[in-house]
Amino acid sequence: MPVIESSEHTSLRQAVASFAKNHPRTPGTDHKQFWQEAAALGYIGVNLPEAYGGGGGGITELCLVLEEMGAAGSPLLMMIVSPAICGTVISRFGTEAQKRQWLPALADGSRLMAFGITEPDAGSNSHRITTTARRETDSGDWILTGRKVFVSGVDIADATLVVGRTEDARTGRLKPCLFIVPRDTEGFRRRPIDMELNATEKQFELVLDDVRLSADALVGDEDAGLLQLFAGLNPERIMTAAFAIGMGRYALARAVAYARERTVWDTPIGAHQAIAHPLAQAHIDLELARLMMQKAAHLYDAGDDTGAGEAANMAKYAAAEACVKAVDQAVHTLGGNGLTREFGLASLITAARVSRIAPVSREMILNYVSHQTLGLPKSY
């Protein structure tokens, strides 16, 4: 894995940073316009195949784009969902018809797709998902029934990639499968969740009440659903790391600029080690998290799903911790100013903690590492 970025990646990073800084996202900003402008420059679909209108890159390039947008204060949460999860799953496992229908539109920004996996009683545990899918023998249609919660951007998405479970005819056990559910499908209802988190992208509860889908709504092989599911969840973790690193970099940059200019007793406060050292530590932690994120992206793009799974979880954990510490120190550096709208850091206190919780909690990541990496016995 290259430790130093290539000149192409450096150029991409600079271009995205310049674009995002010239398009700041403030309350009331038209996120749709920003999304479409980014897509027109090839940023949204940079990971999708060139044959379907994408940039031909991978998660490595996509997480770079999201990180730089976040560092400029203009992150796009739906990049984690639409091109990274849904676009990846469809490009790897979808039929030719599904690829032609969705990938060019996802790449050019004209269509978005949401992702529904989390349930009230199961979280993201694919083994406890209760949303079921049964196939009618006469018509071949699928009937989906269940509930999902904390689904981002359903109101602006043209369809949702829903994780359901079908019954294995041999064992009777339920196995995960993925279905494309168009937004206006009969029986597919959404309800906004009242969140204190101030974000452009809203969260929804979904109800699937005997939703009827044609046979071609199934993505991939019915018997390989778990493999296909994790092919989407690994990019989700890597992109969440990019989101967190970008946010942490943004907060840190604001704090550093303030510490250079704010003068007390004729000395900039950044000259005091009590201010300077925590900011330096925050920078170190963010850089270390980025290295693990780049490793995870490289492994995923190289086709090493097993290795990418471990690295993606570690990257998400490290980035979330680094982000929370960077935001906290940034607010602390500004003191009372850190809580004002003028400096725009207070809202990040809540937003930063989302990266600790979603899409998987840090405790579940520690479970993964202790079980899968260290070989320790399970407690559940």
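These legends go with several close-up views of a predicted model.

**View A. A nonpolar patch on the surface brings together residues from two stretches of numbering.** Val 3, Ile 4, Ile 284, Leu 288 and Leu 291 make up this nonpolar surface patch, which comes to about 510 Å². Take Ile 4 as the place to start looking: this residue sits in the segment before α1 (7–21). With a relative accessible area of 70%, Ile 4 is exposed.

**View B. Glu 136 and Arg 212 pair up in one of the model's salt bridges.** Across the structure there are 19 salt bridges. Side chains of opposite charge can pair when their charged atoms come close. In the pair shown here, Glu 136 and Arg 212 bring their closest N and O atoms to 2.7 Å apart. Glu 136 belongs to the loop between β2 (132–135) and β3 (142–152), while Arg 212 is in strand β7 (residues 203–213), so this salt bridge ties together parts that are 76 residues apart in sequence. Arg 212 counts as partly exposed, at 43% relative accessibility.

**View C. Strand β7 is also tied to strand β6 through Glu 205 and Arg 191.** The salt bridge between Glu 205 and Arg 191 has its closest N and O atoms 2.6 Å apart. Since Glu 205 lies in strand β7 and Arg 191 in strand β6 (residues 188–192), the pair ties together parts that are 14 residues apart in sequence. The two partners are covered to unlike degrees: Glu 205 counts as buried at 11% relative accessibility, whereas Arg 191, at 46%, counts as partly exposed.

**View D. Helix α9 has a buried face, and Arg 356 on it reaches helix α8.** The buried residues in α9 are Leu 348, Ala 351, Ala 352, Ser 355 and Arg 356. Look down the axis of α9 and these buried residues fall within an arc of 165 degrees, so they line one face of the helix. Arg 356 meets Glu 321 in a salt bridge, with 3.0 Å from N to O. Arg 356 is in helix α9 and Glu 321 in helix α8, so the pair ties together parts that are 35 residues apart in sequence. Glu 321 counts as buried too, at 13% relative accessibility.

**View E. Gln 329 is a buried residue of helix α8.** The helix that holds Gln 329 is α8, made of residues 305–334. At 14% relative accessibility, Gln 329 counts as buried. Setting aside neighbours within four places in sequence, Gln 329 is in contact with Pro 278 and Leu 279.

**View F. Some charged side chains join up in a network.** Salt bridges link Glu 5, Arg 13, Glu 67, Glu 68, Arg 249, Glu 287 and Arg 290 in a network.

**View G. Trp 265 and Asp 266 carry positive phi values.** Most residues other than glycine have a negative phi, and most peptide bonds are trans. Phi is near 55 degrees for Trp 265 and near 65 degrees for Asp 266. Trp 265 is in the loop between β9 (263–264) and β10 (267–268), and Asp 266 lies in the loop between β9 and β10 as well. Trp 265 is exposed, with a relative accessible area of 79%. Asp 266 is exposed too, at 77%.

**View H. A cis peptide bond leads into Pro 359.** The bond from Ala 358 to Pro 359 is cis, and its omega is near -5 degrees. To find the spot, go to the loop between α9 (346–357) and α10 (362–373), where Pro 359 has its place. Further along, Pro 377 lies in the segment after α10. At 70% relative accessibility, Pro 377 counts as exposed. The C-alpha atoms of Pro 377 and Asn 367 are separated by 9.8 Å, with the two residues ten apart along the chain.

**View I. Buried cysteines, but no disulfides.** A disulfide is a covalent bond between the sulfur atoms of two cysteines. Searching the whole structure turns up zero of them. Cys 86 is in no disulfide, and the nearest cysteine sulfur, in Cys 177, is 16 Å away. Cys 86 counts as buried at 0% relative accessibility. For Cys 323, the closest cysteine sulfur is that of Cys 63, and 15 Å is too far for a bond. Cys 323 likewise counts as buried, at 0% relative accessibility.

Conventions. Residues are numbered from 1 along each chain as its sequence is written. This is a predicted model: local features need pLDDT of at least 70, side-chain atom pairs count only at pLDDT 80 or more; totals for chains, interfaces and linings use all residues. Side-chain values use heavy atoms; hydrogens and water are left out. Patches are made of residues with over 30% relative accessible area and no salt bridge: like charges are joined within 9 Å, nonpolar side chains (Val, Leu, Ile, Met, Phe, Trp, Tyr) within 5 Å. Accessible areas come from the Shrake-Rupley method with a 1.4 Å probe; for residues, only the protein chains shown count as cover. A salt bridge is a side-chain nitrogen of Lys or Arg within 4 Å of a carboxyl oxygen of Asp or Glu. Helices (H or I, at least four residues) and strands (E, at least two) are DSSP runs, numbered from the N terminus. Buried means under 20% relative accessible area, exposed over 50%, partly exposed in between (1.4 Å probe, protein chains only). The arc is that of the directions from the helix axis to the C-beta atoms. Contact means heavy atoms within 4.5 Å. A disulfide is a pair of cysteine sulfur atoms within 2.5 Å.
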